[in-house]
Amino acid sequence: MSKKKSRVSPMIKEVFAHIFMKPATCKYPFVKAEVPEGFRGKQVFDINLCASCGLCSRDCPAKAIEMVEVEGKRRPLFHLDQCIFCYQCAESCPRNAIKSSMFFELASTDKSNLVVKPEPSHQEKSGA
Ligand code: SF4
Ligand code: SF4
């Protein structure tokens with residue numbers, strides 16, 4: 001007499017095995033995603049450190065930095081819709097005026113949200 005074959009199909013076994021497995025996907029955006037140390041997110045520009053040399057703009061491989069005039073000095077304006085987040089700009093900056101941030105949620109239907117403008121300095125004191 002032949003042995004009885006198991007009636008549980010391989011598919012059902014597979015389904016049950018996966019019910020108790022750790023999920024392969026994360027629940028973003030419902031659960032905030034953690035980014036690793038050294039992540040290259042949205043640029044942070046410190047106008048007080050900037051020397052207006054334009055090296056960041058010159059070296060940007062994506063031509064994503066436009067030099068614009070702010071308070072009579074040339075400052076970098078970042079077009080994030082062109083940026084490839086290589087951070088050559090920060091490497092080239094002799095004053096350490098460009099730093100990365102952990103901010104990565106940049107998706108937008110409005111291109112103007114993807115412009116990082118150099119804000120006028122508020123730290124420079126007048127008089128005194
Ligand atoms: S991160 Fe790279 S692509 Fe983006 S602005 Fe800087 S140099 Fe240009
Ligand atoms: S390289 Fe640095 S100091 Fe020179 S313009 Fe760019 S941000 Fe300013």
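Strand S3 pairs with strand S5 (residues 115-116) in the antiparallel sense, and two bridges join them. In this predicted model, that pairing is a good place to start a tour of the sheet. Two residues of S3 show how the bridges are made: Phe-78 has Val-116 as its bridge partner in S5, and His-79 has Val-115.

S3 has another partner as well. Strand S2 (residues 65-70) pairs with S3 (residues 73-79), again in the antiparallel sense, over six bridges. Within this pairing, Met-67 stands opposite Pro-76 of S3. S2 and S3 form a hairpin with two residues between the strands, and here Glu-71 takes a positive phi near 50 degrees.

Here are the two pairings next to each other:

| Strand pair | Sense | Bridges |
|---|---|---|
| S2 (residues 65-70) and S3 (residues 73-79) | antiparallel | six bridges |
| S3 and S5 (residues 115-116) | antiparallel | two bridges |

Put together, the three strands make an open sheet with the order S2-S3-S5, and the pairing is antiparallel. Because S2 and S5 stand at the edges with a single partner strand each, one side of each is left without a neighbour in the sheet.

Now for the wider chain. The protein chain has three helices and five strands, and along the sequence they follow the pattern α-β-α-β-β-α-β-β. The chain is 128 residues long, and 13% of them count as buried. Among contacts with a separation of 6 or more, 68% come from residues 24 or more positions apart.

What surrounds the two ligands? Around ligand 1 are Cys-60, Ala-62, Ala-64, Ile-65, Phe-78, Cys-83, Ile-84, Phe-85, Cys-86, Tyr-87, Gln-88 and Cys-89. Some of these names are already familiar from the sheet: Phe-78, listed around ligand 1, is the residue bridged to Val-116 in S5. Ile-65 is also in the ligand 1 list, and residue 65 is where S2 begins. By class, the ligand 1 shell has eleven nonpolar residues, one polar residue and no charged residues.

Ligand 2 has 13 residues around it, of which Cys-50, Cys-53, Cys-56, Cys-93 and Ala-97 come nearest. Its shell is made up of nine nonpolar, three polar and one charged residues. If you have the structure open, a handy route is to follow S3 to Phe-78, which is bridged to S5 and is also one of the residues around ligand 1.

Note on methods:
Residues numbered from 1 in each chain as written. Chains lettered and ligands numbered in written order. Predicted model: local features only at pLDDT ≥ 70, side-chain atom pairs only at ≥ 80, totals over all residues. Near = placed C-beta within 6 Å. Nonpolar A, V, L, I, M, F, W, Y, C, P; charged D, E, K, R; others polar. Pairing = 2+ DSSP bridges. Helix = DSSP H or I, 4+ residues; strand = E, 2+ residues; numbered from the N terminus. Buried ≥ 20, exposed ≤ 12 C-beta atoms within 10 Å, placed from the backbone. Contact = placed C-beta atoms within 7 Å.
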